[in-house]
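Please walk through the model below with attention to its empty spaces, its aromatic rings and a few backbone details. The account that follows takes these topics in turn.

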Amino acid sequence: MTVGYLWPPLYKKRTDFHRVMSGVAAMRGIELFHFFSTKSINFDDKTILGNVWSVRLGRFVRKPMPFPDIIQDVTVPIDSKARDRLRRAGVLTTWVNLGGKIKIDNILTNSQLEKYTLKTYSLQKTSIEQLLDEHETVIAKPLQGMLGGGVHKFTKSNYGIFMHLRNERRAITSQQLHEKEEELRAKNYIAQEFFDSRTKAGNPFDVKIYTIRGGGNGEWTHLTMLPRVGAAEGLVSNVGQAGNALLFPENFLRTELGDVWEGVYDELKKLAKDVPVVLEKEYKRPLTTIGIDVGIERKNNTVKLFEANSTIYMTPHKMEMFEAHINQWKWLYNHHKRMES
């Protein structure tokens, strides 16, 4: 089996990762090469300009490689047109488009996980002012957003309507809200009821759960849970918005939740197990990875799903993740062969 691994450009100089992973893959019967851009793909001669580890030379050699059996593109999804052309050429790709936050929310809401979901709305069908009458506090975020960017928070009280952007809280009129809403609507935003997931110190936080179809027979496993704590003035906890990821979820939960932490931890592990199983029933292509963002309201120790998506980034446990990917590739390859026969 041959696998092409599409890496983010920032890993281009991390040849230590690539070298070790190439060796581990070779021991498992997989020829692995790395590339960093869809521009490396040549559809005319069905090759990809990739970096291949040469044992004889003790370094990477850059050369055209025939289209592989699988392209690993979860971290850096290939654009849809290129992905379709690769699939028509017989190449399997690991990323699956889940269809956006609204679709995923509807799937989870209409399942046994309903109690964990937050109400999510399309701004094409409702207004923030209407939602503020129901929820008092509303979050607006991009439908296809990543890294927590572009999040707006709106509140309504006896003193009026307020818009929050990071450390700024500004009173706005109904007309200004309407203008802002039109701007967000044009950018394809959604709205969600606000869930106050904050530490004792007042910092926003969530828990990022990385799940992957990485068992030997295609079973779902969770690689890690990363509590992510944002800046005190922030609206979200995402590390892309000046937050920090913590490596020891048990210690974090024990500190923040006290005696009830184990019960909450069990709920997180249950979500890690159940969310992929619920989602995969609704898609024709096998799902390979699911990233799950979870909030916890300390007042009532309530757990809620902020969102789930199919893109997961490199975890601190890099080799465990890579071992899971190897299992996934073998399962995906064999599954595809069974479906063809």
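**Cavity, pocket and rings**

When the whole structure is searched, one cavity of 30 Å³ or more is found. The model is a predicted one, and side-chain atom pairs are counted only at pLDDT 80 or more, whereas totals for linings use all residues. Rolling a probe the size of a water molecule over the atoms is what shows where empty space is left. The largest cavity has a volume of about 130 Å³, and 14 residues line it, of which Lys 101, Asp 105, Phe 306, Glu 307 and Ala 308 are the closest to its centre. Three elements, α3 (101-109), β13 and β18, each supply at least two residues of this lining.

Phe 306, one of the residues closest to the centre of the largest cavity, also takes part in an aromatic pair. A pair of aromatic rings is described by the distance of the centres and the angle of the planes. By the rule applied here, with ring centres within 6.5 Å, the count comes to nine aromatic pairs. Phe 33 and Phe 35 form one that is tilted, with 6.2 Å from centre to centre and 35° between the planes. Phe 33 has a relative accessible area of 1% and is therefore buried, and Phe 35 is buried because its relative accessible area is 0%. The pair of Phe 195 and Phe 306 is edge-to-face, at 6.1 Å centre to centre and 70° between the planes. This second pair links distant parts of the chain, since Phe 195 belongs to the loop between β13 (189-193) and β14 (205-213) while Phe 306 belongs to strand β18 (residues 302-309), 111 residues apart. Phe 195 counts as buried because its relative accessible area is 10%, and Phe 306, at 18% relative accessibility, is therefore buried as well, the cut-off being under 20%.

Which residues join in one aromatic cluster? Tyr 5, Trp 7, Phe 322 and Trp 329 do so. Of these, Trp 7 lies in the loop between β1 (2-6) and α1 (15-27), and its relative accessibility of 1% is why Trp 7 counts as buried. The C-alpha atom of Trp 7 is separated by 6.5 Å from that of Val 76, although the two residues are 69 apart along the chain. Aromatic faces also meet charged side chains in this model: the charged end of Arg 85 sits over the ring of Phe 43, 4.0 Å from its centre, and Lys 153 lies over the face of Phe 194, at 4.4 Å from the ring centre.

The loop that holds Trp 7 leads to α1, a helix of 13 residues that reaches 18 Å from its first C-alpha to its last, close to the 18 Å expected at 1.5 Å a residue. Its buried residues are Phe 17, His 18, Met 21, Ser 22, Val 24 and Ala 25. What do these buried residues of α1 pack against? Their partners are β2 (31-35), β4 (47-54), β5 (59-66) and α8 (318-340). Just after α1, Gly 29 takes a positive phi of about 80°.

The helix α8, against which buried residues of α1 pack, also contributes to an open space. The second largest pocket holds about 340 Å³ of space, and it is lined by 16 residues, with Leu 92, Arg 285, Pro 286, Leu 332 and His 336 nearest its centre. Both β7 (92-93) and α8 supply at least two residues each to the lining of this pocket, and the largest share, four residues, comes from α8.

Two asparagines complete the tour with their backbone angles. Asn 188, in the loop between α5 (174-186) and β13, has a phi near 65°, a positive value in a residue other than glycine. At 36% relative accessibility, Asn 188 is therefore partly exposed. Asn 301, placed in the loop between β17 (289-297) and β18, likewise is not a glycine and yet has a positive phi of about 55°. Asn 301 counts as partly exposed because its relative accessible area is 24%.

Technical notes
Residues numbered from 1 in each chain as written. Heavy atoms only, no water. Buried < 20%, exposed > 50% of the residue type's maximum accessible area, 1.4 Å probe, protein only. Expected span 1.5 Å × (residues − 1). Contact = heavy atoms within 4.5 Å. Phe/Tyr/Trp six-rings, centres within 6.5 Å; stacked < 30°, edge-to-face > 60°. Lys NZ or Arg CZ within 6 Å of the ring centre and 35° of its normal. 1 Å grid on protein atoms, 1.4 Å probe; cavity = no way out; pocket = protein on both sides within 12 Å on 5 of 7 lines; lining within 4 Å. Points joined across faces, edges and corners; volume = space filled by probe spheres on them.
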